[in-house]
Amino acid sequence: MRLALAAFLSLFASVAQSQSDNRTALGVLDLESGTIAAPELRVLSDRLRVELFNTGRFLIIERERIDAVLQEQGFQLSGCTATSCVVEIGELIGVRKMVAGSIGSVGDVYSLTLRIIDVETGAIERTAVQDCRCTLQQLLTSTIALAAAELADSTPAPLEKEQ
């Protein structure tokens with residue numbers, strides 16, 4: 001009980017910190033995949049958290065803190081891919097935005113799909129898709145960073161007018 005309370009208070013302090021420095025507090029779920037083994041998927045998910053943080057736009061809630069709060073609430077995370085489930089987790093951990101996504105492969109192409117979900121409305125606020133004909137190592141070292149940057153860019157590029 002004490003551990004869960006300490007985790008919750010620490011999580012609350014992190015969310016409050018994000019509100020004072022204009023970064024958005026994000027809960028980031030582990031990526032889902034039917035084609036990549038769990039240990040590699042965990043590494044890719046951790047890299048996603050780091051790359052989102054490195055954009056300077058987000059304060060990332062540590063996975064261990066999220067796990068502690070969910071465990072205290074008796075919430076089962078496995079198989080949580082539906083938007084309603086992601087929203088429920090966001091409500092439990094006290095953030096306004098959640099990131100969920102998946103990595104799959106078709107032939108020799110990996111496809112990384114991410115979405116930011118507004119916890120209050122349940123709406124998908126932003127998406128990022130990166131496809132690469134690459135190795136798993138290249139997915140880790142470059143593709144995830146591109147997807148994180150795509151999620152962080154909140155202003156669309158201006159359309160060029162034809163002359």
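I'll start at the turn between E4 and E5. In this predicted model, those two strands form a hairpin with 5 residues between them. Gly122 sits in that turn, and its phi is positive, about 80 degrees. The strands themselves run antiparallel, and 8 bridges join them. To pick out one pair, Leu114 has Ala128 in E5 as its bridge partner.

Going back along the chain, there is another hairpin, made by E3 and E4, with 2 residues between the strands. Here the turn contains Gly107, again with a positive phi, about 60 degrees. E3 and E4 are paired over 10 bridges in the antiparallel sense. Val99 stands opposite Ile116 of E4. As for E4 itself, 7 of its 10 residues are buried, so the strand is largely enclosed by the rest of the structure.

Now the whole sheet. It is open, has 5 strands, and the order is E2-E1-E3-E4-E5, with mixed pairing. E2 and E5, the latter covering 124–132, are the edge strands, each pairing on one side only. From one strand to the next the twist averages 30 degrees. A parallel pair is E1 with E3, joined by 3 bridges. Within that region, Gly27 stands opposite Met98 of E3. Helix H4, residues 83–93, packs on the sheet and touches E1, E3 and E4. The direction of H4 makes about 55 degrees with that of E4.

Next, helix H2. H2 spans residues 38–54, which is 17 residues. From first C-alpha to last it reaches 24 Å, close to the 24 Å expected at 1.5 Å a residue. H2 lies across E1, E2, E3 and E4, and runs at about 140 degrees to E2. After the helix comes Gly56, with a positive phi near 80 degrees.

Which residues of H2 are buried? They are Leu41, Leu44, Ser45, Leu48, Arg49, Glu51 and Leu52. Note that Ser45, Arg49 and Glu51 are in that list along with the leucines. As general background, an α-helix has 3.6 residues a turn, so residues three or four places apart point the same way. The cover over the buried residues of H2 includes strands E1, E2, E3 and E4, together with helices H3 and H5.

That brings me to the cores. The largest nonpolar core has 26 residues. Those with the most contacts inside it are Leu31, Leu44, Leu48, Leu52, Val99, Ile103 and Leu114. At least two residues of this core come from each of E1, H2, E2, E3, E4, E5 and H5. H5 gives the most, 7 residues. Taking Leu44 as an example, and leaving aside neighbours within four places in sequence, its contacts are Leu31, Ile36, Ile103, Leu136, Leu139, Leu140 and Ile144. There is also a second, separate core, of 18 residues, with Leu29, Phe75, Ile89 and Ile93 among them.

Last, the pair H3 and H4. Their axes are 10 Å apart, and the helices pack at an angle of about 95 degrees. An angle from 65 to 115 degrees counts as roughly perpendicular, so that is how H3 stands to H4. On the H3 side the contact is made by Ile66, Val69, Leu70 and Gln73. On the H4 side it is made by Ile89, Leu92 and Ile93. Ile89 and Ile93 are also included in the second core.

Note on methods: Residues are numbered from 1 along each chain as its sequence is written. This is a predicted model: local features need pLDDT of at least 70, side-chain atom pairs count only at pLDDT 80 or more; totals for chains, interfaces and linings use all residues. Side-chain values use heavy atoms; hydrogens and water are left out. Helices (H or I, at least four residues) and strands (E, at least two) are DSSP runs, numbered from the N terminus. The expected span of a helix is 1.5 Å times one less than its number of residues. Buried means under 20% relative accessible area, exposed over 50%, partly exposed in between (1.4 Å probe, protein chains only). Contact means heavy atoms within 4.5 Å. Two strands pair if DSSP finds at least two bridges between them. Axes are lines fitted to C-alpha atoms, for helices over the stretch in contact, and angles run from 0 to 180 degrees between N-to-C directions. A nonpolar core is a set of buried Ala, Val, Leu, Ile, Met, Phe, Trp, Tyr and Cys residues joined through side-chain atoms within 4.5 Å. Angles under 35 degrees count as roughly parallel, over 145 as roughly antiparallel, 65 to 115 as roughly perpendicular and the rest as oblique.
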